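Colleague: I have a few questions about this one before I set anything up. Can we go through it together?

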Amino acid sequence: MSDSVFRNYIAGEWVEGSKGSVANISPADTSDVIGHYAQADKVQTEAAIAAAQEGQKEWQKSGLEQRYSVLMAIGDELIARKDELGEILAREEGKTLAEGVGETYRSGQFFHYYAAEVLRQMGETADSVRPGIEIETRREPVGVVGIITPWNFPTATGAWKIAPALAFGNAIVWKPANQVPASAWALTEIISRQNLPAGTFNLVMGPGAEVGDVLINSRDINALTFTGSLETGRKVAAATAVNLVKCQLEMGSKNALVVLDDADLENAVECAVGGAYGGTGQKCTASSRLIVTEGIHDRFVEAMVERMKKLVVGHPLKAGVHIGAVADARQMEQNLEYLELAKKEGGNLVYGGEVLNEETEGYFMQPALFTETTNAMTINRDEAFAPIACVIKVKDYDEALATLNDTNFGLTGGICTQSLKHASDFKRNAKTGCVMVNLPTAGTDYHVPFGGRKDSSFGPREQGTYAKEFYTVVKTTYISA
């Protein structure tokens with residue numbers, strides 16, 4: 001596979017990259033070259049947008065059963081090939097094989113869910129306030145959708161944007177993160193074999209400075225959905241606003257898990273470990289802040305350290321590994337910088353944080369746990385995107401809730417407690433888009449809305465039936481009898 005060059009997909013054809021190709025190297029084994037992937041430039045990206053405009057004219061007229069069949073077929077193949085595609089995903093991103101297979105399976109479920117949504121598209125009728133007039137409202141495709149996805153969930157994030165876009169009759173130009181082109185190419189290859197008009201779906205791999213810049217500044221797309229950093233998200237919002245392009249952003253987070261004195265200790269530890277270190281801590285829903293009340297604090301920290309000692313870090317394809325590789329050298333460098341900064345600010349590193357040498361050359365890091373941190377520290381303000389969690393000791397529930405909300409982000413928030421009173425209050429007053437009770441902050445379902453508040457999200461919610469708010473426009477028709 002390493003000698004192959006994988007092309008972009010534009011106007012129904014596989015095309016060479018106008019800027020050549022780049023090697024896709026595994027972060028778990030730098031000698032493992034997964035393949036060479038085409039790189040588009042601005043001109044090629046503009047050609048993809050033009051192709052999408054033409055494809056849109058046909059796809060928006062497609063019948064419901066055609067759309068249903070296309071989405072079902074994509075979902076079927078993803079699920080059938082989950083082991084093969086999950087392995088590719090794990091190799092290029094660094095997450096464990098189990099996580100890669102699970103992500104691929106879940107991606108298939110997204111396509112199945114939106115295949116069903118195709119058949120549930122119904123309008124509404126109303127009587128006018130004027131006699132003899134009837135009113136209909138219906139949803140129509142928004143048009144050409146630009147999709148920009150991150151590297152941490154290369155298949156799933158693409159799936160939960162592509163599936164509803166196609167279901168509601170839109171054409172697509174997809175720019176995946178340049179670190180993870182293999183998963184995007186594999187999904188595109190499946191889509192390319194479906195009954196879609198040429199130009200309905202386009203893949204443009206390449207640098208954000210060129211491909212992404214064209215997409216966010218284009219007057220010829222009708223909507224743009226982006227998942228990535230807050231800094232880039234602000235640039236996307238500013239650029240699309242100039243052209244009045246519909247915009248949806250999923251950005252940063254600084255999620256917290258609250259552990260109260262009455263929590264089931266074993267469950268709280270499992271929630272914290274799974275939420276903080278799953279996916280090598282590289283999840284937007286990861287709980288990097290662990291807010292613990294003083295009555296259980298010492299027991300919780302002790303139990304956390306003992307549990308973390310059992311976590312196995314290693315090559316993602318190796319059996320028995322719990323935590324795979326850090327995404328790349330740049331991410332590893334940033335992780336280590338945050339570790340040192342946390343120490344300088346007064347944090348006490350009670351476990352982990354070591355760079356590990358494995359059998360293969362790669363980026364492996366022992367998960368880290370800090371105590372004696374405050375919510376004012378940089379490590380508890382910035383999204384580090386690392387296998388680093390910090391314990392913040394608080395007096396009681398009220399201080400815990402205030403600490404959880406004291407952030408400019410608001411994606412997920414969790415609480416471990418056996419108190420119905422505190423759980424009920426938390427559900428209402430946690431300023432986050434998603435709330436978990438006695439569960440890890442990481443882990444969401446595909447049939448319900450997903451998104452955050454404050455600097456975490458902007459625009460309509462993703463997933464579930466709420467996706468139609470972004471991928472469709474409402475038309476109101478007045479009829480005189």
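Colleague: How many disulfides does a search of the whole structure find?

Modeller: Zero. Keep in mind that this is a predicted model.

Colleague: What about Cys284, where is the nearest cysteine sulfur?

Modeller: The nearest one belongs to Cys434 and is 9.0 Å away, and Cys284 is in no disulfide. Cys284 counts as buried, at 19% relative accessibility.

Colleague: And which cysteine sulfur is closest to that of Cys416?

Modeller: That of Cys271, at 4.1 Å, which is too far for a bond. The cut-off for a disulfide is 2.5 Å between the sulfur atoms. Cys416 is buried, with a relative accessible area of 1%.

Colleague: Switching to charges. How many salt bridges does the count come to?

Modeller: The count comes to 21 salt bridges. One of them pairs Arg91 with Asp32, with 2.7 Å between the closest N and O atoms.

Colleague: What does that pair tie together?

Modeller: Arg91 lies in helix H3, residues 82–93, and Asp32 lies in strand E5, residues 29–38, so the salt bridge ties together parts that are 59 residues apart in sequence.

Colleague: Are Arg91 and Asp32 buried or exposed?

Modeller: Arg91 is buried, with a relative accessible area of 15%. Asp32 also counts as buried, at 18% relative accessibility.

Colleague: Which residues are linked in a network of salt bridges?

Modeller: Glu77, Arg81, Glu84, Glu189 and Arg193. Within that network, Glu77 forms a salt bridge with Arg81, and their closest N and O atoms are 2.8 Å apart. Glu77 is buried, with a relative accessible area of 17%, while Arg81 counts as partly exposed at 22%.

Colleague: Where do Lys309 and Glu306 come in?

Modeller: Their side chains meet in a salt bridge, 3.2 Å from N to O. Lys309 is partly exposed, with a relative accessible area of 49%. Glu306 counts as partly exposed too, at 42% relative accessibility.

Colleague: Back to E5. What is the strand order in the open sheet of three strands?

Modeller: The order is E1-E5-E4, with mixed pairing. Strand E1 (5–6) and strand E4 (21–26) are the edge strands, and each pairs on one side only.

Colleague: How many bridges join E4 to E5, and do those strands run parallel or antiparallel?

Modeller: Six bridges join them, and the two strands run antiparallel. As a concrete position, Asn24 stands opposite Gly35 in E5.

Colleague: Which strands does H3 touch?

Modeller: H3 packs on the sheet and touches E4 and E5, with its direction at about 110 degrees to that of E5. H3 is also the helix that holds Arg91, the partner of Asp32 in E5.

Colleague: And which strands does helix H6 lie across?

Modeller: Helix H6, residues 181–192, lies across E1, E4 and E5. H6 runs at about 45 degrees to E5.

Colleague: Last topic, annotation. What feature does UniProt place at residues 14–476?

Modeller: The UniProt record, an unreviewed entry, places "domain: Aldehyde dehydrogenase" there.

Colleague: And how much of the chain over residues 14–476 is helix and how much is strand?

Modeller: Over those residues the chain is 40% helix and 22% strand. The end C-alpha atoms of that stretch are 40 Å apart.

Key: Residues are numbered from 1 along each chain as its sequence is written. This is a predicted model: local features need pLDDT of at least 70, side-chain atom pairs count only at pLDDT 80 or more; totals for chains, interfaces and linings use all residues. Side-chain values use heavy atoms; hydrogens and water are left out. UniProt positions are given in the numbering used here, feature names are shortened, and annotations may be inferred rather than shown by experiment. Helices (H or I, at least four residues) and strands (E, at least two) are DSSP runs, numbered from the N terminus. A salt bridge is a side-chain nitrogen of Lys or Arg within 4 Å of a carboxyl oxygen of Asp or Glu. Buried means under 20% relative accessible area, exposed over 50%, partly exposed in between (1.4 Å probe, protein chains only). Two strands pair if DSSP finds at least two bridges between them. Contact means heavy atoms within 4.5 Å. Axes are lines fitted to C-alpha atoms, for helices over the stretch in contact, and angles run from 0 to 180 degrees between N-to-C directions.
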